[in-house]
Protein chains: 2
Amino acid sequence: MGIGSANVSERAQQPPELAISTVIFALRTDAGHGRPTLWLPLVRRTRQPFRDLWALPGGPLSAAESLQDAAARSLQETTGLQPSYLEQLYAFGGLDRSPVQRMVSIVYWALVRPDEAALARETENVGWFRADCLDRLAFDHNLIVDYALWRLRNKVEYGSIAYDFLGPKFTLAQVREVYEAVLGRKLDPANFRRQLRSTPDIEETDEYVQGGRHRPPRLYRYTGAAAQRNNGPLSQTVE
Amino acid sequence: MGIGSANVSERAQQPPELAISTVIFALRTDAGHGRPTLWLPLVRRTRQPFRDLWALPGGPLSAAESLQDAAARSLQETTGLQPSYLEQLYAFGGLDRSPVQRMVSIVYWALVRPDEAALARETENVGWFRADCLDRLAFDHNLIVDYALWRLRNKVEYGSIAYDFLGPKFTLAQVREVYEAVLGRKLDPANFRRQLRSTPDIEETDEYVQGGRHRPPRLYRYTGAAAQRNNGPLSQTVE
DNA sequence: CCAAAAGTGTTTGACTTACACCCATGA
DNA sequence: TCATGGGTGTAAGTCAAACACTTTTGG
């Protein structure tokens, strides 16, 4: 306690540290049941504070890069991944986020496609975890992940985020599985299908997935421009 | 151009400056037609860059205050107002926001009630302007105001933001005028009324507004807890 | 043939929109 | 009494949930 107070009065002199972190979501097909679930990569802290706890990937903001570039860079450096979607989540700046120093974190969230996620390196200090059952993370990162999950669920219900989890061609059942994994509940296949077909940006191909145990499903393609989605005020297509 | 390049290479050494700004909205009943419109306070810049242009109120982040506290403080200092709603908007960190120095601004947006807004001081360097017809502001503040407007319109359609523009008791027509001012279009009084009455948080009082030229309208009260609204991940009621 | 997923059709109820209509007040 | 906004009723249209049903494959 005495040490804590000393820290507080000490650090009141220094300017707040500014860092960029990223919550990265990917879909992985769990071995247990065949359905995909949400996973995310975390890095193990090798220094105090919170040494040996898992934390979100991130780092300081370099002087010559934009916030979004910094998020993409830290993501690339820690996991080797390229995101298919990247959007600012929130700026966290509470006084007691770190016991050592006042820290302001501008947090982004990202989606990666399964082919990308498959070649993600998993090392001693980088691990993948199911998003819905994390244990204690460093700093306030549990809160941040929960908020990112909330935003992801909102976006998937509203917009066209789901395709950023998928490859260029997909069955409608795969899209439904994305929705079900993100929202955590089953959806009516018939109604879901109609709903998707009624949107303008889904185009059917002439290809079918062969080799399944049942009737071969048709493959579809997403034709909506990725840029037309609202990921912040800087995408000029905001009306 | 030569000077610009020198600045860029110079400032690449320094860490980015961190500032907090706030977009403050209030409803004012325009003298022209009786209907209220959206206004916001701006401060005149007295120094370079953008000297003599109007800008959003704000300032640096002190080491001992949270982001939201900093927003409330800068709001209080420049306009003397206390907001009825305050939420983080976005963190702006583009490389070319300021010609002088790399700057990261965490921007909040706020609503104030008309009684508060009425006693807002208007000085040589603090002025109020209609939100829909601003001329050139300092930095990227036009973009920021536009984005704040977009968020405000979204929130008003979805949530219970409108009551933060109003006093403790109000007529349903006043609520409708808030919606109309924010959304910029007329709404059917009959349907709007029904829609509001069907929400749980509107309670009728036994009072009526006397003295109008027509049938006296009933006064209502908003009973929804202000805390139950989602203004960010830190409101613990986020499910 | 059977099981199961792909895909289609139909019914139902909830909700929105438009608009006709009555009520209460000041002028 | 009339004009006007407050307030109620109602029919048409839209949309999503529920679910029965047909199609097509592997076993």
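Start with chains A and B together: in this predicted model, the two bury about 2,600 Å² between them, with 69% of that on carbon and sulfur atoms. Now pick out Ala63(B), Tyr90(B) and Pro233(B); this trio supplies 22% of the area chain B buries against chain A, more than any other three residues.

Widen the selection to the whole contact set, and you should have 31 residues of chain B against 32 residues of chain A. Looking for salt bridges across this interface? The rule finds 0. Polar contacts do turn up, though: 8 residue pairs, both partners at pLDDT 80 or more.

Next, color chain B by element. Strand E5 (85–92), strand E6 (103–111) and helix H4 (141–158) each give two or more residues to the side touching chain A, and E5(B) has the largest share, with 4 residues. By residue type, that side of chain B splits into 20 nonpolar, 8 polar and 3 charged.

Now jump over to DNA strand C. It has 18 residues around it, and the nearest are Arg193(A), Arg194(A), Asn191(B), Arg213(B) and Pro216(B). Here the split is 5 nonpolar, 4 polar and 9 charged. Show helices H5 (172–183) and H6 (189–198) of chain A plus H6 (189–198) of chain B: each supplies at least two residues of this surface.

Which part of the DNA faces the protein? Of the strand C atoms within 4 Å of it, 64% belong to sugar or phosphate, and the rest to bases.

Finally, zoom in on three atom pairs:

- Arg215(A): a polar side-chain atom lies 3.4 Å from a base nitrogen.
- Arg194(B): a side-chain N or O atom is 3.3 Å from a base nitrogen.
- Arg218(A): a polar backbone atom sits 3.1 Å from a phosphate oxygen.

Methods: Residues are numbered from 1 along each chain as its sequence is written. Chains are lettered from A and ligands numbered from 1 in the order in which they are written. This is a predicted model: local features need pLDDT of at least 70, side-chain atom pairs count only at pLDDT 80 or more; totals for chains, interfaces and linings use all residues. Side-chain values use heavy atoms; hydrogens and water are left out. A residue is near a molecule or strand if one of its heavy atoms lies within 4 Å of it. A polar contact is a pair of N or O atoms within 3.5 Å; within protein, one must be able to donate a hydrogen and the other to accept it, and residues adjacent in sequence count only if both atoms are side-chain atoms. Ala, Val, Leu, Ile, Met, Phe, Trp, Tyr, Cys and Pro count as nonpolar, Asp, Glu, Lys and Arg as charged, and the others, Gly among them, as polar. Contact means heavy atoms within 4.5 Å. Buried area is the accessible area (1.4 Å probe) that two parts lose on being put together, summed over both. A salt bridge is a side-chain nitrogen of Lys or Arg within 4 Å of a carboxyl oxygen of Asp or Glu.
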